[in-house]
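Hi,

Here is the structure I promised to pass on. Have a look at it first, and then read my notes below.

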Amino acid sequence: MNPFVLVALLMLLVLPNVPTASAQTPPPVYVVLFTHIEDNTPAGVLGTQQSRQNYLLYRGRLIAVGNLFINYSARWVFQPDWKFLLAALMYEDSSLIGTTNGKNLLRYMKEDLHVVIDPHS
């Protein structure tokens, strides 16, 4: 199963079942999710159309997941590997940045979606 779909399903299943405030308020439940992108993502050789298309697919999904976390007031720690970081440097252009408040994906995730970015390798 796609990891982003799995995260979304977990959020939708877990958070609605958290008890609401009552006369005796239960202790809070703190949710932090760590996700990791391996060094084979995006697929294909960097600089190719295949790699760019794969990056764009992940980019859209990352934004969607970030919005889920904002909606549920949960924390997300995103751990990209080197290849994804290089792809972001390579593929974030003015047309993409225009969809994320004038920021590249990682800056947008950190500043607007409040995602913790923890690069790996």
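Let's start with histidine 114, which you'll find in the loop between α5 (105-111) and β3 (116-117). Keep in mind as you look that this is a predicted model. Phi of histidine 114 is near 60 degrees, so a positive value, in a residue that isn't a glycine. Why does that deserve a note? Because most residues other than glycine have a negative phi. Is histidine 114 buried, partly exposed or exposed? It counts as partly exposed, because its relative accessibility is 45%.

Serine 73 is another one of this kind: not a glycine, but with a positive phi of about 50 degrees. Serine 73 also belongs to a loop, the one between α2 and β2 (75-80). With a relative accessible area of 71%, serine 73 is exposed, since the cut-off for that word is over 50%.

While we're on backbone oddities, try the loop between β1 (32-37) and α2 (49-71), where proline 42 sits. The peptide bond joining threonine 41 and proline 42 is cis, with omega at about 5 degrees. Most peptide bonds are trans.

Now the overall layout. How many helices and strands does the protein chain have? There are five helices and three strands, and going along the sequence they come in the order α-β-α-β-α-α-α-β. The protein chain has 121 residues, and 35% of them count as buried. About 7,300 Å² of the chain is exposed, with carbon and sulfur atoms supplying 60% of that area. Then there are the contacts: take those with a separation of 6 or more, and 74% of them are between residues 24 or more positions apart.

Next, helix α3, which covers residues 82-91. Three residues here are worth clicking on.

Tryptophan 82 is part of helix α3. Its relative accessibility is 39%, so it counts as partly exposed. Together with Leu86 and Leu89, Trp82 makes a nonpolar surface patch of about 330 Å².

Lysine 83 is in helix α3 too, and I find it a nice puzzle. Which side chain of opposite charge is nearest to lysine 83? It's aspartate 39, at 8.1 Å. Lysine 83 is buried and has no salt bridge; a salt bridge would need a nitrogen and a carboxyl oxygen within 4 Å, so the distance to aspartate 39 rules that pair out. What does the lysine 83 side chain reach at 2.6 Å? The backbone oxygen of glycine 44. Leaving aside residues up to four places away in sequence, lysine 83 touches Asp39, Asn40, Thr41, Pro42, Ala43, Gly44 and Leu46. You'll recognise two of those names, Thr41 and Pro42, from the cis peptide bond.

Alanine 88 is the third one to look at in helix α3. Is alanine 88 buried or exposed? It's buried, because its relative accessible area is 9% and the cut-off is under 20%. Beyond residues up to four places away in sequence, alanine 88 touches Tyr55 and Leu106. Its C-alpha atom is 7.7 Å from the one in asparagine 104, and those two residues are 16 apart along the chain.

Further along, helix α4 (residues 94-97) contains isoleucine 97. At 22% relative accessibility, isoleucine 97 counts as partly exposed. If you again skip residues up to four places away in sequence, isoleucine 97 touches Arg59, Glu92, Gly102, Lys103 and Asn104. Measure from its C-alpha to that of tyrosine 108 and you should get 8.9 Å, for residues eleven apart in sequence.

Finally, threonine 100, in the loop between α4 and α5. A loop residue can still be hidden here: threonine 100 is buried, with a relative accessible area of 0%. Which side chain does the threonine 100 side chain make a polar contact with? It's that of arginine 59, at 3.2 Å. Arg59 is also among the residues that threonine 100 touches, along with Ile63 and Tyr108, not counting residues up to four places away in sequence. Arg59 was on the list for isoleucine 97 as well.

Have fun with it!

Methods. Residues are numbered from 1 along each chain as its sequence is written. This is a predicted model: local features need pLDDT of at least 70, side-chain atom pairs count only at pLDDT 80 or more; totals for chains, interfaces and linings use all residues. Side-chain values use heavy atoms; hydrogens and water are left out. Patches are made of residues with over 30% relative accessible area and no salt bridge: like charges are joined within 9 Å, nonpolar side chains (Val, Leu, Ile, Met, Phe, Trp, Tyr) within 5 Å. Accessible areas come from the Shrake-Rupley method with a 1.4 Å probe; for residues, only the protein chains shown count as cover. Helices (H or I, at least four residues) and strands (E, at least two) are DSSP runs, numbered from the N terminus. Buried means under 20% relative accessible area, exposed over 50%, partly exposed in between (1.4 Å probe, protein chains only). Contact means heavy atoms within 4.5 Å. Lys and Arg count as positive and Asp and Glu as negative; His and the chain ends are not counted. A polar contact is a pair of N or O atoms within 3.5 Å; within protein, one must be able to donate a hydrogen and the other to accept it, and residues adjacent in sequence count only if both atoms are side-chain atoms.
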